[in-house]
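Work through the exercises below with the sequence and the 3D structure open. Each task is followed by a solution in steps.

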Amino acid sequence: MTPADRLRRLVRLPARAHTIRADVDAEIAFHLETTERELVARGMSAVDAAREARRRFGNVEEVRHMLGLLGQTEASAQRWGQWWKGVVHDMARSTRTLRREPSFVAVVAITLALGMGANATMFRVVDRLLLRPAPHVRDDGSLSLLYFQRETTEFGRVTSSSQSYPAFDRLRDTRGAFADVAGWWATDASLGAGADARRVHINFVTPNFLPLLGVSAYRGRFFTAEEWEVQPVPTAVVTHAFAERELGGAAAAIGTVLPIEGTTYTVIGVSPPGFVGAVMRESEIFLPMATGVGGSIGKEWRSNLNVRWLRIVARRAHGVSSAQAGAAASMALQHFGRSNKKSDSLATVIAGSIIPARAPDGAPQGRIALWLGAVSILLLLVACANVANLLLARTLRRRREIAVHLALGVSGGRVTRALIAETLMLGVIAGTLALGVALWSDALLRKTLLRNVAWDSGQVDLRLSLFVAALVVVVSVIAGLVPAIVAARTPVMDALKSGIRDGGSRRTGIRYALIIVQGTLSVVLLVGAGLFVHSFSRARSLDLGFAPDGLIFVQPQLGGIANSAQDFDQRMERIEARLRSLPGVLGVTQSVTTPFESQWDKGIMVSGDQLLPPLKGGGPYVNAVSNDYFTVMGSPVLKGRAFTNGDANGSPRVAVVTETMARVLWPGKNALGECFRCLLYTSPSPRD
Amino acid sequence: MPRDPLDLLQGTLDVLILKTLTWGPKHGYAVAQWLRETTSDEFSVEDGALYTALHRMEHRRWLAAEWGVNEENRRVKLYTLTADGRKELRARTALWSRYVSAVQRVLGPA
């Protein structure tokens, strides 16, 4: 028996297989020999004695085998018990050791918590935005959001998601592409009247919208097919959050009436908690399209080819891929465009993913999420390298302690295990902190970079906890493995001698490598952050052409109230007068479009009948404004004059053009006094 | 010619070994020898079965085993009775007495 085996027996470590066999053999051999000796002493011959001894014993081989098995069972049970005791012992030792070094624990825990917390947040964001469709949308692979792409000469490919109603109608009939097509329009409206009126986020939907998405009513029912009719009963479906907040709960909501912009809607159903529609936009109420769209788009909304307001979601026919559906729909749309002389003749339809952030040409939220995800992974790597370095330094300090363990016969694997247990404990502490960091940064993100997304309120749920737990294990292994292996390979004799140098060259090499990794990643992060700040400050200081500070945009919702164009004008005048009388208001003006919010383009013709070709960035954009527009907006009129009261209905038509437009239309000439013609389309607003 | 040796009833060997060890630690051979002498060779016990029983009882913590050295400096495995073993011995002895008296009552005085 080797000294190691004797030592194992001495300290009651479980025997190894060969020791068990050796013991059994020794015991049986002793018995047989003693029996032989006794028999020989009684007068038997040696050979006979041996035979008799074996006979008395029974089946020696069988017994030997049985005893061997018993011994092994015993040994493995002991090993298991010892393993468990070892784990508990490791945990206890780790707690004791770590308690003596609170500042080290704090530094490591905070470092790791920041890294893990950022990743946990990004996991939730990426999961919610990029991996799942909007809540409660049943994605069985056949749903598609439709997008429309056009190649423009100056600006390349333009993607939009809105269409006109006639185009939608045409797409609905596309054979061989879609089993069902639904549309919606997300907008804001006023609920109530007078001083109680407040803004609500509504969706005008086709009656098949909710069933197509695979949503079932939480309470009540959804719209029926009859509601396609032109004069339907005004019914409404509300979201669960709205019902809880305003109507006293889902059950009580059924049957309540909602006065929205002049029409009284009866609530017939409540959607499941968390559902907001096909995209992640805040939604409170769903209304049938036919009941309210006319007020905003105009009474001819069903046949108006010029206004693209409707978003479309479709369920592809069985066995039809997105590409096939897109191709079929493109053909239909192009044919439609040609027969109606619309630019749809040049457009292609893309049957895109039902996950809104995966729109072609990338929705900004998706891209932001991915970038932030990459940044947080880098952060975590930096944190791990940092902590690994700290742990390595600590391991080197405790070299002598580890050497004593190794000299006592603790295996290298056991030492590694103990150190990893310590790292795991640090990881668990960091993980708990990380959950807190995740919640905080989650709230921060929702308020800043990722607004306008309808988040479900879920705070700490099971998926997040599991993710953080997995992170804890991964991080502990990454950060703790190198120091642990280094510890296990400590040269025992050198470490036990006193007065040794601090670390051989190989150890220093690893530490330098870790520092270099940290430095590189940190520089990458710093450069990225610097670029981000730079772009951000440039965006903030852009010359917008007007003075935004102190400007307030007011959008009165008069859709259902104004009876005629004249009535509309009078109401707007009254509103303007009331606003002017408010203290602190320097000027009020009216405008059809709002910078960054809306655009209105028309065909412009100069001399001859040549329509101006499309410009880079779209346009040519027009706006109809009242007199004080340029003073209120802070856009100086460079040449000529602004509008005055003299420019009313009946006086010669005048226009103010931008410098850019003047250069395009009349290059080299003085634009004052020149003429152009503006093509008249069917106007969407009551004004001429 | 000695009488045909009796075969031990199931479970009896355990109680005999336990009792044997109440007189101090013994190695396997010593246990076999003691049993032979005390029962005057009435029982036929294969030594192999004895060792199996010893190891089994060691596994169940009724016996504790330790390797030691005998008078001739040979390595021997000595078995000792544990507290659990003593408890088991008491229980089984009581059971045996009940068993014997019940049988005796049926068979009646010879």
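Helices here are DSSP runs of H or I with at least four residues, and strands are runs of E with at least two, numbered from the N terminus. The model is predicted.

**Exercise 1. Take stock of the two chains**

Task: State how many helices and strands chain A has, and do likewise for chain B.

Solution.
Step 1. Chain A has 20 helices and 14 strands. Of its 688 residues, 30% are buried.
Step 2. Chain B has four helices and three strands, and from the N terminus these elements follow one another as α-β-α-α-β-β-α. Of its 110 residues, 25% are buried.
Step 3. Now take contacts between residues at least 6 apart in sequence. In chain A, 74% of these join residues at least 24 apart. In chain B, the share that joins residues at least 24 apart is 52%.

**Exercise 2. Describe a helix pair**

Task: Determine how helix 12 and helix 15 of chain A are oriented to each other, and which residues make their contact.

Solution.
Step 1. Locate the two elements: helix 12 of chain A covers residues 364-397 and helix 15 of chain A covers residues 462-488. Their axes come within 9 Å and cross at roughly 25°.
Step 2. Angles under 35 degrees count as roughly parallel, so helix 12 of chain A is roughly parallel to helix 15 of chain A.
Step 3. The crossing of these two helices is right-handed.
Step 4. Helix 12 of chain A contributes Cys384(A), Val387(A), Ala388(A), Leu391(A), Leu392(A) and Thr395(A) to the contact. From helix 15 of chain A come Val475(A), Ile478(A), Ala479(A), Gly480(A), Val482(A), Pro483(A), Val486(A) and Ala487(A).
Step 5. Sorted by class, the residues of this contact are 12 nonpolar, two polar and no charged.

**Exercise 3. Read a hairpin**

Task: Work out which side chains of strand 8 of chain A are buried, and how the strand pairs with strand 9 of chain A.

Solution.
Step 1. In a regular strand the side chains alternate between the two faces of the sheet.
Step 2. Strand 8 of chain A, residues 257-260, shows such alternation. Leu258(A) and Ile260(A) point to one face and are buried, while Val257(A) and Pro259(A) point to the other and are not.
Step 3. Strand 8 of chain A pairs with strand 9 of chain A, residues 263-270, in the antiparallel sense over four bridges. Opposite Pro259(A), in strand 9 of chain A, stands Thr264(A).
Step 4. Two residues lie between the strands of this hairpin, and Glu261(A) takes a positive phi near 50° there.

**Exercise 4. Map the side of chain B that touches chain A**

Task: Find which elements of chain B give two or more residues to the side that touches chain A.

Solution.
Step 1. Contact joins 15 residues of chain B to 15 residues of chain A.
Step 2. The elements of chain B that give two or more residues to this side are helix 2 (28-38), helix 3 (47-59) and strand 3 (75-81).
Step 3. Helix 3 of chain B supplies the largest share, eight residues.
Step 4. By class, this side of chain B has four nonpolar, five polar and six charged residues.

**Exercise 5. Place two residues with positive phi**

Task: Are Ser40(B) and Asn73(B) buried or exposed, and where do they lie?

Solution.
Step 1. Ser40(B) is not a glycine, yet its phi is positive, about 50°. Ser40(B) lies in the loop between helix 2 and helix 3 of chain B.
Step 2. A residue is exposed if 12 or fewer other C-beta atoms lie within 10 Å of its own. Ser40(B) has 8 such neighbours, so it counts as exposed.
Step 3. Asn73(B), also not a glycine, has a positive phi of about 65°. Asn73(B) sits in the loop between strand 2 (63-69) and strand 3 of chain B.
Step 4. Asn73(B) has 6 C-beta neighbours inside 10 Å and therefore counts as exposed.

**Exercise 6. Follow two prolines**

Task: For Pro166(A) and Pro556(A), give the location, then a residue that is distant in sequence and its separation in space.

Solution.
Step 1. Pro166(A) is in helix 6 of chain A, residues 165-172. With 17 other C-beta atoms within 10 Å, Pro166(A) is partly exposed.
Step 2. Pro166(A) and Leu305(A) are 139 residues apart in sequence, and their C-alpha atoms are 6.3 Å apart. Leaving aside neighbours within four places in sequence, Pro166(A) is in contact with Ser303(A) and Leu305(A).
Step 3. Pro556(A) lies in the loop between helix 17 (505-540) and helix 18 (565-580) of chain A. Pro556(A) is partly exposed, with 14 other C-beta atoms within 10 Å.
Step 4. Pro556(A) and Ile575(A) are 19 residues apart in sequence and 8.6 Å apart from C-alpha to C-alpha.

Definitions and conventions: Residues are numbered from 1 along each chain as its sequence is written. Chains are lettered from A and ligands numbered from 1 in the order in which they are written. This is a predicted model: local features need pLDDT of at least 70, side-chain atom pairs count only at pLDDT 80 or more; totals for chains, interfaces and linings use all residues. Axes are lines fitted to C-alpha atoms, for helices over the stretch in contact, and angles run from 0 to 180 degrees between N-to-C directions. Angles under 35 degrees count as roughly parallel, over 145 as roughly antiparallel, 65 to 115 as roughly perpendicular and the rest as oblique. A crossing is left-handed if the near helix is turned anticlockwise from the far one by less than a right angle, and right-handed if clockwise. Two residues are in contact if their C-beta atoms, placed from the backbone, lie within 7 Å. Ala, Val, Leu, Ile, Met, Phe, Trp, Tyr, Cys and Pro count as nonpolar, Asp, Glu, Lys and Arg as charged, and the others, Gly among them, as polar. A residue is buried if 20 or more other C-beta atoms lie within 10 Å of its own, exposed if 12 or fewer, and partly exposed in between; C-beta atoms are placed from the backbone. Two strands pair if DSSP finds at least two bridges between them.
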